[in-house]
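Dear colleague,

I am passing on a structure for you to look through at your own pace. Please open it first, and then read my notes on what was found in it.

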Amino acid sequence: MILDKETARKTAELLLQIKAIKLDAQQGFKWASGWNSPIYCDNRIILSYPPIRNFIRENMAKQIEQLYGKADVIAGVATGAIGIGMLVAEYLSLPFVYVRPEPKSHGRKNQIEGKIDEGQTVVVIEDLISTGKSSLNAIKALEAANVQIKGMLAIFSYGFEEARENFEKAKVELHTLSNYEYLLEIAQKTNYINQAEAELLMNWHKDPANWKK
């Protein structure tokens with residue numbers, strides 16, 4: 001869900017500006033899920049642009065306060081959301097932890113890195129939502145630690161129906177700064193993509209799991 005439309009448009013504009021969003025309709029990209037896609041989003045590049053990372057940090061912090069009030073801890077989903085999650089926690093003067101995809105095979109075998117106590121309230125930060133499976137895997141690890149999940153805030157979502165269903169089933173509240181709808185709006189408005197590319201991206205979005213190059 002989008003909280004602020006102007007923030008959504010500005011976020012999409014900045015992601016396009018620094019080429020965090022890449023388009024290749026000919027070769028395509030292979031996602032970790034196995035899907036082929038004509039578009040790829042890498043929000044980690046935000047960290048290399050101080051003014052833009054500050055915009056993302058401050059708007060995420062503001063929305064956390066609006067949506068969830070005061071949390072005890074900010075948690076980032078590894079690895080993409082560690083950097084931005086830590087910046088948000090710093091801005092809010094809150095403790096920070098991050099959640100691995102699975103427990104380490106050595107040492108203390110932690111899946112959650114950092115100090116977190118039972119009963120604490122947590123807002124989870126994610127950089128990108130596709131199907132939502134890896135994000136919800138982090139939620140499960142936090143729930144196993146007996147903490148209270150207030151919700152998740154991500155930078156960007158592709159807005160897939162599968163993700164909506166997964167979050168609804170898990171009963172986790174998800175908000176994002178921007179999403180695919182606003183991305184296409186801004187990409188066309190700024191001539192980042194032409195009409196043919198816009199149509200391809202809209203068609204891909206209807207059935208992403210079966211897209212062919």
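**What helix H2 hides, and what lies around it**

In helix H2, the residues Ile52, Ile56, Arg57, Asn59, Met60, Ala61, Gln63, Ile64 and Tyr68 are buried. Please keep in mind while reading that this is a predicted model. The cover over these buried residues of H2 includes helix H1, strand E5, helix H3 (82–92), and the strands E8, E9 and E10. H2 itself has 19 residues, and from its first C-alpha to its last it reaches 26 Å, which is close to the 27 Å expected at 1.5 Å a residue. Just after H2 comes Gly69, which takes a positive phi of about 70°.

**The sheet**

Several of the covering strands belong to an open sheet of 6 strands, whose order is E7-E6-E5-E8-E9-E10 and whose pairing is mixed. Strand E7 (112–113) and strand E10 (174–179) stand at the edges with a single partner strand each, so one side of each has no neighbour in the sheet. As general background, strands of a sheet pair through backbone hydrogen bonds, either parallel or antiparallel. Which sense applies to strand E8 (residues 121–129) and strand E9 (residues 148–157)? These two strands pair in the parallel sense, over 8 bridges, and within this part of the sheet Ile129 stands opposite Ser157 in E9.

Two helices can then be placed against the sheet. Helix H1 (residues 5–17) packs on the sheet and touches E9 and E10, and its direction makes about 55° with that of E10. Helix H2 (residues 50–68) also packs on the sheet, where it touches strand E5 (73–77) together with E8, E9 and E10, and its direction makes about 145° with that of E9.

**An annotation to read with care**

The unreviewed UniProt entry carries the annotation "transmembrane region" for residues 73–99. In the model, the chain over residues 73–99 is 41% helix and 33% strand, and the C-alpha atoms at the two ends are 12 Å apart.

**Salt bridges**

How many salt bridges does the structure hold? There are 10 salt bridges, and I describe a few of them here.

In helix H1, the side chains of Arg9 and Glu6 meet in a salt bridge, at 2.9 Å from N to O. Both residues lie in H1, 3 residues apart, which is about one turn of the helix. The general point is that an α-helix has 3.6 residues a turn, so residues three or four places apart point the same way. Arg9 counts as partly exposed because its relative accessibility is 24%, whereas Glu6, at 54%, counts as exposed.

A similar description can be given for helix H5 (residues 161–170), where Arg164 and Glu161 are 3 residues apart and therefore separated by about one helical turn. Arg164 forms a salt bridge with Glu161, and the closest N and O atoms are 2.4 Å apart. Arg164 is partly exposed at 41% relative accessibility, and Glu161 is partly exposed too, with a relative accessible area of 43%. Returning to H1, salt bridges that share partners join Glu6, Arg9 and Glu185 into one network.

Finally, the side chains of Asp117 and Lys115 meet in a salt bridge, at 2.8 Å from N to O. Asp117 is partly exposed, with a relative accessible area of 35%, while Lys115 is exposed, with a relative accessible area of 61%.

With best wishes

Terms used
Residues are numbered from 1 along each chain as its sequence is written. This is a predicted model: local features need pLDDT of at least 70, side-chain atom pairs count only at pLDDT 80 or more; totals for chains, interfaces and linings use all residues. Side-chain values use heavy atoms; hydrogens and water are left out. Two strands pair if DSSP finds at least two bridges between them. Helices (H or I, at least four residues) and strands (E, at least two) are DSSP runs, numbered from the N terminus. Contact means heavy atoms within 4.5 Å. Axes are lines fitted to C-alpha atoms, for helices over the stretch in contact, and angles run from 0 to 180 degrees between N-to-C directions. The expected span of a helix is 1.5 Å times one less than its number of residues. Buried means under 20% relative accessible area, exposed over 50%, partly exposed in between (1.4 Å probe, protein chains only). UniProt positions are given in the numbering used here, feature names are shortened, and annotations may be inferred rather than shown by experiment. A salt bridge is a side-chain nitrogen of Lys or Arg within 4 Å of a carboxyl oxygen of Asp or Glu.
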